[in-house]
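Me: I am new to this structure. Please take one part of it and walk me through that part closely.

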Amino acid sequence: MSRSAHPAGPRHADVLPEGHYSAPPADLNVLDPKVWARTVSRNDEGQATVGGLSVTELAEEFGTPAYFLDESDFRARCRAWADAFGRDADVFYAGKAFLSRAVVRWLTEEGLNLDVCSGGELSTALSAGMPAERIAFHGNNKSEEEIHRAVSVGVGRIVLDSFQEIVRVAHIAQSLGKRQRVQIRVTVGVEAHTHEFIATAHEDQKFGIALAGGQAAEAVRRALKLDGLELIGIHSHIGSQIFDMAGFEVSARRVVQLLAEVRDEHGVELPEIDLGGGLGIAYTSDDDPREPHDIAKALKEIVARECEAARLATPRISVEPGRAIVGPTAFTLYEVGTVKPLEGLRTYVSVDGGMSDNIRTALYDAEYSVALVSRTSDAAPMLSRVVGKHCESGDIVVRDAFLPADIAPGDLIAVPATGAYCRSMASNYNHALRPPVVAVRDGEARVIVRRETEEDLLRLDVG
């Protein structure tokens, strides 16, 4: 079904202001499979569906805003990463992207390991049955309580992030009569082509121990001397939302060079390297992410080549995809509340969520796609800015996009590729209630993280 167009703001490329957008697509009703979850399509009535259920059905049952996660897609991506790297490598899902007990169970069933970076994430993992030996614990400032619990339950590895942490983990492990498997996180001086806030391998930031000046080599010396630690390898993570493999090549070369120095100085060949995660996904049709098998092939070839040159045995590789697994599997569904044309500029389309359920646009200037999903339309494309209901001018969900010019209050619109970080970074700003996460699979939908209530907010307010 469709509505006829009505005048509302600029529509044609020759009168558009500068902004973060490409030319309008040929057909606004097409849902690009590059940016939408695999089971998303439109039914005969023009409504978007996921897992066989229409968005109108889902909105009626679960309300808006809400995150809808395609469970079949999530599981398929887990299998793709596991198959790509095979039995001679390890895939750790980065739980910071999105974690719930249902997700932990899916990971366990699909054979992936899990990377956590807080006591809360560790608790979630253990409560859902993830074996502790399949968990890696990250973080630049782990508390003594967090380390004690991680060592006590037997996590498979702790990634050491500072000289203080080397001593701290060793002391706690010895006090518990254990020898903890650890990796040292190094910053390799690679400037990933990404936003400043998510580039993590240059020296001027909080993560890791720098290769520069011999600091990483000194960290290895100290770790090898401590009885409470079993140093199994080196960890490197160069950033997030990366499409270019060149940064990984430089990183791998520098990590392997450190392994060679360790061998020459200590007579020890460390058996593992972790190259981190950060592989990009498609948020818009212009993005061109690589497939897991291409990534695995490239990383393995890079490491093998560098190790051969250094006359080292090829270590076991670990990777940590998070966004690359969960990001494309979900979308956020909103209801349009107001439509405000600004002549000569754009039309502001306000929805019933905003920066409390997706802070990434305000924080990183992240780009997203958006579509009218409760119906189709033959109206002309209209330059739009999708904004939320919070008391901030920066409360923007999609900065620049084209929506049909007949968009109206009550319509449902959806933003794809919101599986990663949106729910994890959600807040109660303006005392907003964080949306639910609903898993959809084979014609069935179930809540895996429920919507917050006002009672939840008041329960924490003890004043």
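**A strand and its hairpin**

Reply: Start with a pairing: β20 and β21 run antiparallel, and five bridges join them. This is a predicted model. One facing pair shows the match: A439 stands opposite R446 in β21.

Now look at the turn. The hairpin of β20 and β21 has two residues between the strands. D442 takes a positive phi there, near 50°. G443 also lies in this loop, between β20 (437-441) and β21 (444-449).

Stay with G443. Is G443 buried or exposed? Neither label fits, because its relative accessible area is 38%, while buried means under 20% and exposed over 50%. G443 is therefore partly exposed. It has contacts from elsewhere in the chain. Setting aside residues up to four places away in sequence, G443 touches G51 and L53. L412 gives a sense of distance. G443 and L412 are 31 residues apart in sequence, and their C-alpha atoms are 20 Å apart in space.

Go back to the strand itself. β20 is mostly covered, with four of its five residues buried. It has another partner besides the hairpin strand. Strand β4 (residues 66-70) runs parallel to β20, and four bridges join the two. Within that pairing, Y67 has V437 of β20 as its bridge partner.

So what should you look at here? View β20 with β4 running parallel to it and β21 running antiparallel. Then follow the loop to G443, which is partly exposed.

Conventions
Residues numbered from 1 in each chain as written. Predicted model: local features only at pLDDT ≥ 70, side-chain atom pairs only at ≥ 80, totals over all residues. Heavy atoms only, no water. Buried < 20%, exposed > 50% of the residue type's maximum accessible area, 1.4 Å probe, protein only. Contact = heavy atoms within 4.5 Å. Pairing = 2+ DSSP bridges.
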